[in-house]
Amino acid sequence: NIARSTNSEKKAQNLIKDINQKVEGYRTKKKKKILYVVQTNPLVTVGSESFITDIIKKSGHISTTSEIPYYYPSITLEYVLEKNPDVIIICFPADVEKIKKLFPHTKILYLSSKQRDIINRSGPRVAEAVKLFSTLNFSEKPTH
């Protein structure tokens with residue numbers, strides 16, 4: 001719609017084609033079950049309506065909350081235990097000691113402010129977000 005309004009349809013089509021090619025190239029072959037935690041108190045994640053769930057899927061991984069029909073649902077720790085994610089990605093590392101204790105064998109990763117910006121704001125940077133998820137190149141120590 002923006003491209004049509006600004007007479008930039010050809011440029012937009014080229015940008016979309018470029019993004020789609022990059023996304024396909026970033027797809028991982030080693031699928032992991034990922035829990036993406038937006039906040040910890042209450043425990044909020046991404047559901048099927050969130051574009052972040054789509055980014056996780058496009059990266060080749062599985063979002064453990066993709067069947068929840070909301071954008072950003074609250075979930076319980078029991079739900080997380082049942083889903084048994086391989087990786088928990090935390091946006092803001094406040095109050096995660098409880099999660100670490102409950103999931104001592106689960107890899108817990110943290111987003112830097114730059115990574116949060118790339119992932120949490122949709123737009124042309126979506127290919128970068130898919131690349132971040134496909135490589136799971138996030139910090140294992142909280143950053144602020």
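**Entry 1: Ile75**

I looked up Ile75 and found it buried, with a relative accessible area of 12%. Buried means under 20% relative accessible area, exposed means over 50%, and partly exposed lies in between (1.4 Å probe, protein chains only). The model is predicted, so I note its limits: local features need pLDDT of at least 70, side-chain atom pairs count only at pLDDT 80 or more, and totals for chains, interfaces and linings use all residues. Residues are numbered from 1 along each chain as its sequence is written, and side-chain values use heavy atoms, with hydrogens and water left out.

Ile75 sits in the loop between strand 3 (62-63) and helix 4 (77-83). I take helices (H or I, at least four residues) and strands (E, at least two) as DSSP runs, numbered from the N terminus. Which residues is Ile75 in contact with, leaving aside its neighbours within four places in sequence? I listed Leu35, Leu43, Thr45, Thr65, Ile68 and Val80. Contact here means heavy atoms within 4.5 Å.

I also checked Ile75 against Pro42. They are 33 residues apart in sequence and 8.0 Å apart in space, C-alpha to C-alpha. Pro42 lies in the loop between strand 1 and strand 2 (43-45). The peptide bond from Asn41 to Pro42 is cis, with omega near 5°.

**Entry 2: the whole chain**

I counted seven helices and five strands. Along the sequence they follow the pattern α-α-β-β-α-β-α-β-α-β-α-α. The radius of gyration, taken over C-alpha atoms, is 16 Å. The globule rule (2.2 Å times the number of residues to the power 0.38) gives 15 Å for 144 residues, so the protein is as compact as a globular protein of that length. The C-alpha atoms fill a box of roughly 55 × 30 × 25 Å along the principal axes.

Buried residues make up 41% of the 144. Among contacts between residues at least 6 apart in sequence, 60% join residues at least 24 apart. I noted 24 positive and 14 negative side chains, and the centres of the two sets lie 6 Å apart. Lys and Arg count as positive and Asp and Glu as negative, while His and the chain ends are not counted. The place of a charge is NZ of Lys, CZ of Arg, CG of Asp or CD of Glu.

**Entry 3: the cores**

Next I looked for nonpolar cores. Such a core is a set of buried Ala, Val, Leu, Ile, Met, Phe, Trp, Tyr and Cys residues joined through side-chain atoms within 4.5 Å. In soluble globular proteins, nonpolar side chains tend to be buried together.

The largest core here has 22 residues. Those with the most contacts inside it are Tyr36, Ile89, Ile119, Phe133 and Phe138. Two or more residues each come from helix 2 (9-26), strand 1 (33-40), helix 3 (51-58), strand 4 (87-90), helix 6 (113-120) and helix 7 (126-135). Which element gives the largest share of this core? I found that it is helix 7, with five residues. Apart from this core lies another, of 15 residues, among them Leu35, Ile68, Ile108 and Tyr110.

**Entry 4: helix 7**

I went back to helix 7. Its buried residues are Ala127, Ala129, Val130, Leu132, Phe133 and Ser134. Their cover includes helix 2, strand 1, helix 3, strand 4 and helix 6. Beyond four places in sequence, Phe133 has contacts with Ile34, Tyr36, Ile52, Ile55, Ile56, Ser59, His61, Ile89, Ile119 and Phe138. After helix 7 comes Leu136, whose phi is positive, near 50°.

Is Lys57 buried or exposed? At 57% relative accessibility, I count Lys57 as exposed. Lys57 is in helix 3. The C-alpha atoms of Lys57 and Val130 are 8.7 Å apart, with their places 73 residues apart along the chain.

**Entry 5: three loop residues**

Thr106 is in the loop between helix 5 (97-102) and strand 5 (107-110). I found Thr106 buried, at a relative accessible area of 12%. Not counting residues up to four places away, Thr106 touches Pro85, Asp86, Val87 and Ile88.

Asn7 lies in the loop between helix 1 (2-5) and helix 2. Its phi is near 55°, a positive value in a residue other than glycine. Asn7 is exposed, at 73%.

Asn84 lies in the loop between helix 4 and strand 4. Its phi is also positive, near 50°. At 45% relative accessibility, I entered Asn84 as partly exposed.
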